[in-house]
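Student: I'm new to this one and don't know where to start. Please pick a single part and take me through it slowly, along with its surroundings.

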Amino acid sequence: MTRNTTTMSSAKEIVLSCVNAINEQDFKIARTFVDDNMQFIGVMGSRDGAQAYFDDMEKMKLKYNVKKAFADGDDVCLLYDLQISGKTIFGCGWYHVEDEKITSLKVIFDPRPLL
């Protein structure tokens, strides 16, 4: 079985470039790093497709302060402080990259400060 994969450094660069564009609220640029059929799974819900994900991102106006980025092949893990709704929450995001596009994102954080 042959499938196109992204190298470890490239996957990490793609994810960090996307996060940096989100931090700058440049969603048009951020969108270029994400596959149309991206799957998002979070502690407060899931989104099917990049459009649904970015519709939410534009409303939330959150900021990532990345503390550490790890890459293992096509998988990238970010540890970060997330600024959202005037609060700072520590979180973790697991990104999967294929063909130079983010195809899935799973996030974990304690949502209690937002509830």
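Tutor: Let's begin with a term. A disulfide is a pair of cysteine sulfur atoms within 2.5 Å. What you're looking at is a predicted model, and by that rule the count comes to 0 disulfides. Take C77: this cysteine is in no disulfide, and the nearest cysteine sulfur, that of C92, is 3.5 Å away. Looking back from the other end, the closest cysteine sulfur to that of C92 is in C77, and 3.5 Å is too far for a bond. As for how open they are, C77 has a relative accessibility of 22%, so it counts as partly exposed. C92 also has 22% and is partly exposed.

C77 gives us our part to look at, strand β4, which covers residues 75–84. Here's a general idea to carry along: in a regular strand, side chains alternate between the two faces of the sheet. Now try that on β4. Its covered face holds V76, L78, Y80, L82 and I84. On the uncovered face you'll find D75, C77, L79, D81 and Q83. Our cysteine, C77, belongs to the uncovered set.

Next, who are the neighbours of β4? On one side is strand β3, residues 63–72, which pairs with β4 in the antiparallel sense over 9 bridges. To pin down one spot on that pairing, find Y64, which stands opposite L82 in β4. The two strands make a hairpin with 2 residues between them. G73 sits in that turn, with a positive phi of about 65°.

There's another partner too: strand β5, residues 87–98, also pairs with β4 in the antiparallel sense, this time over 10 bridges. Again you get a hairpin with 2 residues between the strands. In this turn S85 has the positive phi, about 55°.

One spot on the β4–β5 pairing deserves a slower look. The bridge partner of D75 in β5 is H96. Their side chains meet as well, in a polar contact of 2.8 Å. The H96 side chain also makes a polar contact of 3.0 Å with the side chain of E98. H96 is buried, with a relative accessible area of 15%.

Now let's step away from β4 to helix α3, residues 50–60. Its buried residues are A50, Y53, F54 and M57. Looking down the axis of α3, you'd see them fall within an arc of 90°, so they line one face of the helix. Right after α3 comes K61, and its phi is positive, near 50°.

Two of those helix residues bring us to the aromatics. The structure holds 3 aromatic pairs. In one of them, the ring centres of F40 and Y53 are 5.4 Å apart and the planes sit at 40°, so this pair is tilted. It links distant parts of the chain, with F40 in strand β1 (residues 34–42) and Y53 in α3, 13 residues apart. F40 and Y53 are buried. In another pair, Y53 and F54 have ring centres 5.1 Å apart and planes at 80°, so that one is edge-to-face. Relative accessibility is 4% for Y53, which therefore counts as buried, and F54 is buried too, at 3%. Put together, F40, Y53 and F54 form one aromatic cluster.

How does that fit with the rest? A general point helps: in soluble globular proteins, nonpolar side chains tend to be buried together. The largest nonpolar core here has 32 residues, and I22, Y53, F54, Y64, Y95 and I102 touch the most other members. You've already met Y53, F54 and Y64 from that list. Among the elements that give two or more residues to this core are β4, its partners β3 and β5, and α3. The most comes from α1, with 7 residues.

Back where we began, then: β4 pairs with β3 and with β5, its side chains split between a covered and an uncovered face, and the strand gives two or more residues to the core.

Methods: Residues are numbered from 1 along each chain as its sequence is written. This is a predicted model: local features need pLDDT of at least 70, side-chain atom pairs count only at pLDDT 80 or more; totals for chains, interfaces and linings use all residues. Side-chain values use heavy atoms; hydrogens and water are left out. Buried means under 20% relative accessible area, exposed over 50%, partly exposed in between (1.4 Å probe, protein chains only). Helices (H or I, at least four residues) and strands (E, at least two) are DSSP runs, numbered from the N terminus. The arc is that of the directions from the helix axis to the C-beta atoms. Two strands pair if DSSP finds at least two bridges between them. Rings of Phe, Tyr and Trp (its six-membered ring) pair if their centres lie within 6.5 Å; planes under 30 degrees apart count as stacked, over 60 as edge-to-face and the rest as tilted. A polar contact is a pair of N or O atoms within 3.5 Å; within protein, one must be able to donate a hydrogen and the other to accept it, and residues adjacent in sequence count only if both atoms are side-chain atoms. A nonpolar core is a set of buried Ala, Val, Leu, Ile, Met, Phe, Trp, Tyr and Cys residues joined through side-chain atoms within 4.5 Å.
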